[in-house]
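Here are my notes after going through the model you sent over. I've kept them as numbered points so you can pick at them one by one.

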Amino acid sequence: MSMKLDAESYLKSGSNELRVLEYRTCGMSFGINILKVNKIVSNLEDFTSVPESHPAVKGMFKDMNRLVPVVDLAEFLGVQCESKRLNKVIVTEFFGMQTGLWVDRIDWIHHFRWEHVIDAQDVFSGINQRYVIGIVKPTEDHMVLLLDYETILLDLCPNLASKNTNVPAGAHAGFQDKRVLVAEDSPAVRLMLVDQITKQGGIVVEATDGKHAWDQFTKQHFDLVISDVEMPQVDGLALTLNIRQSDRPNTPVIVYSSIGDVGMKARAAFLKADAHITKLNFEELMQVAETLMRGEKLIHTGFEDIAELEVTTTVPV
């Protein structure tokens, strides 16, 4: 059975907008994109501690047929507090794996536009901090910190990156002397992308958000654009739309996101991205990128599981 969605409402619900789940731990307010939340669990069943693990990994529990590790976020961040209730677990999904964040309480869901997200680099310029990537203000006197959950997970699981980025230099000759625009706000993921592409002989221009990426795109030619979705100022979906409405609309665009749900893929397909690849699948990314830069048709785009999704075209794209 197919689903029919009005294109205008569908586009507005997916482009340059985000919903942030606000939660608290040790009295501090943090936020996470609701698209990265699978569920919220109040009572852990079959919870088991894990010996010889990272101190912040408190154990794991069984969710359906999957074992989910649970991280005490305050302890990982080094936040000190007199007491922690730790009565809620936010089950997230990054890189195709589920992780539980153990927090004190869930507060609210806020709706923002990405241009209202304050880039933490602008605030903490010169200050060594690794995990705060953005700031939102639901009210004038209240700030919510957006964390770089991808970097947190990579720091917790250092083998995760090495296992998925072990692509030999020169294995993908199709990158040689190709100009690639990488739009990614997570420093850890951006560094991995730059390293892998340059190892294959590619020339990389980095952008820390979609606005910066669009500025670079308007100034120079690129053979390929690889873009995250969640980025301050302009998100990857809006960037894709801008490219498709530009004077170089056929530039290949790969949406490279840790959000791999059907809704995100459907939005990327609707906005005419060439492919959607879940983060850390570097070998797949390299192969798809080479095919696109050769001007060949893709066999696998990452959109196969939305084949039954029908979107009406009531507005121009």
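1. Let's begin with K36, which touches V91, T92, E93, F94, E150, E230, S258 and I259 once its neighbours within four places in sequence are set aside. This is a predicted model, by the way, so read the contacts in that light. K36 sits in the loop between β3 and β4 (37–41). Is K36 buried or exposed? With 8% relative accessibility, K36 counts as buried. Its side chain has a polar contact with the side chain of S258, at 3.4 Å.

2. T99 also has V91 and T92 on its contact list, along with V68, P69, V71, I90 and L153, again leaving out residues up to four places away in sequence. You'll find T99 in strand β8 (residues 97–103). T99 is buried, at 6% relative accessible area. If you want a pair to check in space, T99 and M60 are 39 residues apart in sequence, and their C-alpha atoms are 9.1 Å apart.

3. Now the cysteines. How many disulfides does a search of the whole structure find? It finds one, and that one joins C26 to C81, with an S to S distance of 2.0 Å. The pair ties together distant parts of the chain, 55 residues apart: C26 is in the loop between β2 (17–25) and β3 (28–33), while C81 is in the loop between α2 (73–77) and β7 (88–94). The two ends differ in cover: C26 is buried because its relative accessible area, 15%, is under the 20% cut-off, whereas C81 is partly exposed at 30%. Another cysteine, C157, is partly exposed too, with a relative accessible area of 28%.

4. Helix α7 (residues 210–219) has a nice inside to look at. Its buried residues are G210, A213, Q216 and F217. Looking down the axis of α7, these buried residues fall within an arc of 120 degrees, so they line one face of the helix. The spacing fits the textbook picture: an α-helix has 3.6 residues a turn, so residues three or four places apart point the same way. The cover over the buried residues of α7 includes β13 (179–183), β14 (203–207), β15 (224–227) and α8 (236–244). At the start of α7, a side-chain oxygen of D209 comes to within 2.9 Å of the backbone nitrogen of K211.

5. α10 (residues 282–293) makes a good geometry check. What span should its twelve residues have at 1.5 Å a residue? The expected value is 16 Å, and the end C-alpha atoms are 16 Å apart, which agrees. Nine of the twelve residues of α10 are buried, so this helix is largely enclosed by the rest of the structure. The buried ones are F282, L285, M286, V288, A289, E290, T291, L292 and M293. Just after α10, G295 has a positive phi of about 80 degrees.

6. One more helix, briefly. A266 belongs to α9 (residues 262–270) and is buried, with a relative accessible area of 3%. A266 and E304 are 38 residues apart along the chain, and their C-alpha atoms are separated by 9.9 Å.

7. If you're checking the backbone angles, two residues other than glycine deserve a glance. Phi of D177 is positive, near 65 degrees; D177 lies in the loop between α5 (158–164) and β13 and is exposed, with a relative accessible area of 54%. Phi of Q233 is positive as well, near 70 degrees. Q233 is in the loop between β15 and α8 and counts as partly exposed at 26% relative accessible area.

8. Finally, the overall numbers. The protein has ten helices and 18 strands, and 53% of its 317 residues count as buried. Among contacts between residues at least 6 apart in sequence, 66% join residues at least 24 apart. The protein exposes about 15100 Å², with carbon and sulfur atoms supplying 51% of that area.

Methods
Residues are numbered from 1 along each chain as its sequence is written. Side-chain values use heavy atoms; hydrogens and water are left out. Helices (H or I, at least four residues) and strands (E, at least two) are DSSP runs, numbered from the N terminus. The expected span of a helix is 1.5 Å times one less than its number of residues. Buried means under 20% relative accessible area, exposed over 50%, partly exposed in between (1.4 Å probe, protein chains only). Contact means heavy atoms within 4.5 Å. Accessible areas come from the Shrake-Rupley method with a 1.4 Å probe; for residues, only the protein chains shown count as cover. A disulfide is a pair of cysteine sulfur atoms within 2.5 Å. The arc is that of the directions from the helix axis to the C-beta atoms. A polar contact is a pair of N or O atoms within 3.5 Å; within protein, one must be able to donate a hydrogen and the other to accept it, and residues adjacent in sequence count only if both atoms are side-chain atoms.
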